[in-house]
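This briefing introduces a structure to a reader who has not met it before. Please keep the sequence and the 3D view at hand while reading.

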Amino acid sequence: MKKIVLTGGGTAGHVTPNIALIPKLRELGYDISYIGSYDGIEKKLIADFDIPYYGISTGKFRRYFDLKNFTDPFRVIKGIGDAKKALKKINPDIVFSKGGFVSVPVVRAAKSLHIPVICHESDMTPGLANKLCIPAATKVCCNFPETVSEIRDGKGILTGTPIRAELLAGSREKGLAFAKLSGNKPVIIVIGGSLGAVAVNNAVRAALPELLKTYDVIHLCGKGKLDESLKGTEGYRQYEYIKEELPDLFAAADVAISRAGANAICELLALKKPNLLIPLSAKASRGDQILNAHSFEKQGFSIVIEEEDLSTEKLVAAVNELYTDKDKYITAMEGSKNTDAIGIITNLIETYRRK
């Protein structure tokens, strides 16, 4: 049987693309194992998939002063040893890494054991963990054309991000029924995100008096971020978190408002949803969302308003433009080369695995 190790963790965004690959890998006959941290979010998310899980020591590489910067390098070194032990036991044909700091020991250990590695970089500019992994990689999957040209030695390839098949199989009718909306108005879905959701939530809620004249609004606002004063507002539905019904709510939506995290915007691209992106400010991040958003804008997929420029007037005007010109945005997204990430990535895995 063909064998593959998946790795990546620290946040859900470093795990869910791996999960999206699992059905196709099983269809292709792969025995799948996962290497992650001892008790990270990846362990919880993988638990439902009946996949052997190997925990290793890991440390974080920080760009700022922290006392753990003196101890974590030793945890990474131990993690490389842990990963080598696991890889020798599994004896995989290939490793697929989605990134995050847990991936660094696994990728470095695989390189030392001459196991091919395919890495995936979601953002336009690689994060620190992937910068350490890319030299050991055979190929690097990218979401943005700009990234491909920056990866040395011809390793970069434009693939997009693997999207769970069920996300693409939603029902508009079920989504409207779940949200108790009539369908007589166009629907906006708002994805506040977990990081920096407050600014997006506040902007959307401030604009509701204008938006609700024309649209119904489904607002995924994040845990603990419901506005009790807006409960019962006609045409406005707010939820902390949605899981099973998410594909149906996406299917019900005509346009989207979102942060510009790589996985979120790749889902919007796969779903062909015209979108307004409000990237996380550079003051609160390394600026990757700003780069992601403007790349999508350049490709004709999105309108971008940076957080510092956000106002009710600009938000309403952008939504109106998106809906009026929605066919233009959908046509641009249909022309994207990022529409079959699972197929492209599994073909790479088949090509570069040890035969």
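The points below cover two helices, the aromatic rings, one serine and the internal cavities.

The model is predicted. Helix α8 spans residues 197–211 and bends by about 30° at R205. Five aromatic pairs are counted, and a search of the whole structure finds two cavities of 30 Å³ or more.

**Helix α8**

- The bend of about 30° in α8 falls at R205, and the proline P209 follows within four residues.
- R205 is itself one of the buried residues of α8.
- The other buried residues of this helix are A197, V200, N201, A203, V204, A207, L208 and L211.
- An α-helix has 3.6 residues a turn, so residues three or four places apart point the same way.
- The buried residues of α8 pack against four strands, namely β8 (187–191), β9 (216–220), β10 (236–239) and β11 (255–258), and against the helix α12 (312–324).

**Aromatic rings**

- A pair of aromatic rings is described by the distance of the centres and the angle of the planes.
- The count of such pairs comes to five.
- Y34 and Y53 form a stacked pair, because their ring centres are 6.0 Å apart and their planes lie at 10°, under the limit of 30 degrees.
- Y34 belongs to strand β2 (residues 30–37) and Y53 to strand β3 (residues 53–56), so this pair ties together parts that are 19 residues apart in sequence.
- Y34 counts as buried because its relative accessibility is 0%, whereas Y53, with a relative accessible area of 22%, is partly exposed.
- F296 and F301 form an edge-to-face pair, because their ring centres are 5.2 Å apart and their planes lie at 85°, over the limit of 60 degrees.
- Both partners of that pair are buried, F296 at 1% relative accessibility and F301 at 2%.
- F144 joins F296 and F301 in a cluster linked by ring pairs.
- The ring of Y323 has the charged end of K326 sitting over it, 4.3 Å from the ring centre.

**Serine S33 in strand β2**

- S33 is found in strand β2.
- With a relative accessible area of 5%, S33 falls under the 20% limit and is therefore buried.
- Leaving aside residues up to four places away in sequence, S33 touches I4, V5, L6, I51, P52, Y54 and I90.

**Cavities and helix α1**

- Rolling a probe the size of a water molecule over the atoms shows where empty space is left.
- Two cavities of 30 Å³ or more are found in the whole structure, and the largest has a volume of about 60 Å³.
- The lining of the largest cavity consists of T16, P17, A20, T161, P162, I163, R164, N263 and E267.
- The helices α1 (16–27) and α10 (262–271) each supply at least two residues of this lining, and α1 gives the most, with three residues.
- Two of the lining residues, P17 and A20, are also among the buried residues of α1.
- The buried residues of α1 further include N18, I19, L21, I22 and L25.
- The packing partners of the buried residues of α1 are β1 (2–7), β2, α2 (41–46), β4 (94–97), α10 and α14 (341–352).
- Just after α1, G29 takes a positive phi of about 90°.

Notes. Residues numbered from 1 in each chain as written. Predicted model: local features only at pLDDT ≥ 70, side-chain atom pairs only at ≥ 80, totals over all residues. Heavy atoms only, no water. Bend = angle between axes of the 7 residues up to and from the residue. Buried < 20%, exposed > 50% of the residue type's maximum accessible area, 1.4 Å probe, protein only. Contact = heavy atoms within 4.5 Å. Phe/Tyr/Trp six-rings, centres within 6.5 Å; stacked < 30°, edge-to-face > 60°. Lys NZ or Arg CZ within 6 Å of the ring centre and 35° of its normal. 1 Å grid on protein atoms, 1.4 Å probe; cavity = no way out; pocket = protein on both sides within 12 Å on 5 of 7 lines; lining within 4 Å. Points joined across faces, edges and corners; volume = space filled by probe spheres on them.
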